[in-house]
Amino acid sequence: MRNRRTMWRWWGTIAVIGCVSLWNMPSVAFGQESTETETPSPPAPPSQVMAKDAPNDTGTALDVFWELSADDVSDAIPRRVIRYEIFRRKSLNEEYQPVGEQTYQNKKFTDTQCHPDDSYWYQVVAVGPNGEPSTAVETPTPTRPRVQYIDTSRLWFGIELFVVCAAILYYIERARKGDSFTIRHIPGLDAVDEAVGRATEMGRPCLFVAGIEDINDIQTVAGVTILSRVAGLTAQYDASLIVPTSRSLVMTTARETVQSSYLAAGRPDAYREDNIYYLTDEQFGYVAGVTGRMMREKPAACFYFGHFYAESLILAETGNSVGAIQIAGTAEASQLPFFVAACDYTLIGEEFFAASAYLSKEPAQLGSLKGQDFGKMCGAAILLMGCLVATVAGLTENDAIDAMLDYLKSNVLGNGGFLP
Amino acid sequence: MMKRTIPVMIASIAGLVLVVAHFIPPAQSWADEVSSWFQILAAVAFILGGASLFKIHLQKISDQRPGWGYSALTIVAFTVTLIVGIFKIGVPPSESFPSMPWSGDYVGDGGVLWWIFTYIFTPLNATMFALLAFFISSAAFRAFRAKNTEAMILLVTATVVLLGQTYAGTLLTGYDWINPHLQLKSIVDEWLMPVFNASGQRAIKIGIALGIVSTSLKVLIGTDRSYLGNEE
């Protein structure tokens, strides 16, 4: 009896172990589906891989083009192609080396690390989400980059620049030969005399700000040009001139300019080098320094001529609050409304660049203004032609006129021409 | 004579190189060279700028002129920033060279310069920038006072643009029974900004471009030398 019970206990134990073992056996043993992840299949390769010389460069770049992989569908979820990897080699004996990659739906890669003396083979591989690469497709022939000696994309800009420069030089030459040109009154520049005179009468200084850019900016050069005229007047009227600068090079240039003006006015003794000083390159640090001085010394005349950003309004409003007569000029179109709102006179765009000619009244400089007018006429003529062609293209829907319009928009009037 | 001729020659040659490089790709390396010279000049001039700053403020402190306390603060701030930057005080070593104490970036996280930049410079900068909001209000208030016809037109246009660019425009006129082209937002987006504003801006920009060409040419050929001072 006892043996039978022990035997049953043994059989029971074996049965439980058997059931647990069966439960834990790989399900594949029972013909069920595998739970292991399958190795994903690689995406279809790209096709028609080819390389071309990149245009308008020094022979250091090649453009690689390809047709998208058949699995690279624009709105596919999940994506079968994540990126394209680009490889290159210089000779058939070399291994391909990676040079870059592009994301899905891109058909072009520019290799900018080439040398004009070498030829290159390229290979493009489509890569799936788990990094599985497609079959590599390579260029059929090697490609060599070429040096271009003229940037043809800027051809129209070059032609337009040449015409305008030629016109300016022509009118300068005519002015030198004795032709006289009339120039309209610019109230802002007429007011410079008045402002310096007012400062002299009030016994308060004049403040000149030449923008916050360095001397390599043409607006700063134009500003310093006007500074020389203002300095001549302050020397003549015996008024004090303060010129805080935000660039060291502008400080050294402004010192030279003001000193020369004082010398030319016969007042070298009145020149104060310390009144032309460097503050900081930092935009708002500079503003804090200048406005602080404005509040302490309350200048009677403030001149802002140069390249300005957000600080324009802070400076002009502070000048307004101390009761200064304010004249501003900038070519930064976004800052013009601020100056117009806060200053007494504002030189808008080209008036700012005409200031030097206007103040000096030198015939050669006045001639350059006539040249600018010629440039404006040319610009207006091209714009009118563009409007006319666009109107005709809209009315007729003729392919040839459409093509002409496209050429005008993207070359003569576009980024390669009038709007470089 | 030489004091003027040589600077004009340097300016002309450098300018011509930059113009030529814009159209001839192989000359780009010359333009890069000229730009490098400018960077070197600017770096040297920075020493002059720093020296000028020191001299002016030390004089002010020495003469005990009004506001000399600000000058003292400027000198202290300048010196402290210069020293902590040059000696990389508090900068942790670079991960690539952990045994070298000076291998970290001078503005690296945790350094004193980084602390000054993050906790002193940035808030002060933001404070100055924030003043702009108040100045815009005061300037707008003055500019939009309807004292004459031009100011009146400016006021009306500004009001329409302001309302049209904000949600107020949609709230006031964004109803189905109003023709979509007559809604404030459409008037601003489809008409005022791309027609009137854009054409005005383009006219100004064309004038500016021609002015830049003319001024640059005058500097290049030495017709305008007034940036070197009056000659008379």
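Reader: Which residue in E5(A) is the bridge partner of A:Phe65?
Author: In this predicted model, A:Lys108 of E5(A) takes that place. A:Phe65 is also the bridge partner, in E2(A), of A:Met50.

Reader: What makes E2(A) and E5(A) a pair?
Author: Pairing requires at least two bridges between the strands. E2(A), residues 62-67, and E5(A) have 4 bridges, in the antiparallel sense, so the condition of at least two is met. One further bridge partner in E5(A) is A:Phe109, which belongs to A:Val64.

Reader: How do you know that E1(A) and E2(A) pair, and in which sense?
Author: The count here is 5 bridges, and the sense is antiparallel. Set against the requirement of at least two bridges, the two strands therefore count as paired.

Reader: Why is the sheet E1-E2-E5 of chain A called open, and which strands stand at its edges?
Author: The 3 strands follow the order E1-E2-E5 with antiparallel pairing. Strand E1 (47-53) and strand E5 (108-111) of chain A are the edge strands; each has a single partner strand, so one side of each has no neighbour in the sheet. Neighbouring strands in this sheet are turned against each other by 20° on average, direction ignored.

Reader: Which residues of E2(A) lie on the covered face and which on the uncovered one?
Author: A:Leu62, A:Val64 and A:Trp66 make up the covered face of E2(A), while A:Asp63, A:Phe65 and A:Glu67 make up the uncovered face. Why the faces interleave in this way follows from a general rule: in a regular strand, side chains alternate between the two faces of the sheet.

Reader: What makes the sheet E4-E3-E6-E7 of chain A open?
Author: Its 4 strands pair in the antiparallel sense. Strand E4 (97-103) and strand E7 (137-138) of chain A stand at the edges with a single partner strand each, so one side of each is left free of a neighbour in the sheet. Within the sheet, strand E3 (residues 83-89) and strand E6 (residues 121-127) of chain A run antiparallel and are joined by 7 bridges. A:Ile86 stands opposite A:Val124 in E6(A).

Reader: Why are helices H3 and H4 of chain B called oblique?
Author: H3(B), residues 68-86, and H4(B), residues 112-143, pack at about 135°, with their axes 8 Å apart. Roughly perpendicular ends at 115 degrees and roughly antiparallel starts over 145. The angle falls between these limits, so H3(B) and H4(B) are oblique to each other. At their contact, B:Thr81, B:Val84 and B:Gly85 in H3(B) meet B:Val112, B:Leu113 and B:Ile116 in H4(B). These residues divide into 4 nonpolar, 2 polar and no charged.

Reader: How many helices and strands does chain B have?
Author: Chain B has 7 helices and 0 strands.

Reader: How do the radius of gyration of chain B and that of a compact globule of 232 residues differ?
Author: A compact globule of 232 residues would have a value near 17 Å, but chain B has 27 Å. The C-alpha atoms of chain B fill a box of roughly 75 × 50 × 50 Å along the principal axes. Of the 232 residues of chain B, 15% count as buried.

Reader: How many residues does each chain give to the contact between A and B?
Author: Chain A gives 67 residues and chain B gives 54 residues. On the side of chain A that touches chain B, the largest share, 11 residues, comes from helix H5 (residues 248-264) of chain A. That side of chain A divides into 33 nonpolar, 24 polar and 10 charged residues.

Note on methods:
Residues are numbered from 1 along each chain as its sequence is written. Chains are lettered from A and ligands numbered from 1 in the order in which they are written. This is a predicted model: local features need pLDDT of at least 70, side-chain atom pairs count only at pLDDT 80 or more; totals for chains, interfaces and linings use all residues. Two residues are in contact if their C-beta atoms, placed from the backbone, lie within 7 Å. Helices (H or I, at least four residues) and strands (E, at least two) are DSSP runs, numbered from the N terminus. Ala, Val, Leu, Ile, Met, Phe, Trp, Tyr, Cys and Pro count as nonpolar, Asp, Glu, Lys and Arg as charged, and the others, Gly among them, as polar. Axes are lines fitted to C-alpha atoms, for helices over the stretch in contact, and angles run from 0 to 180 degrees between N-to-C directions. Angles under 35 degrees count as roughly parallel, over 145 as roughly antiparallel, 65 to 115 as roughly perpendicular and the rest as oblique. The radius of gyration is taken over C-alpha atoms; the globule rule is 2.2 Å times the number of residues to the power 0.38. A residue is buried if 20 or more other C-beta atoms lie within 10 Å of its own, exposed if 12 or fewer, and partly exposed in between; C-beta atoms are placed from the backbone.
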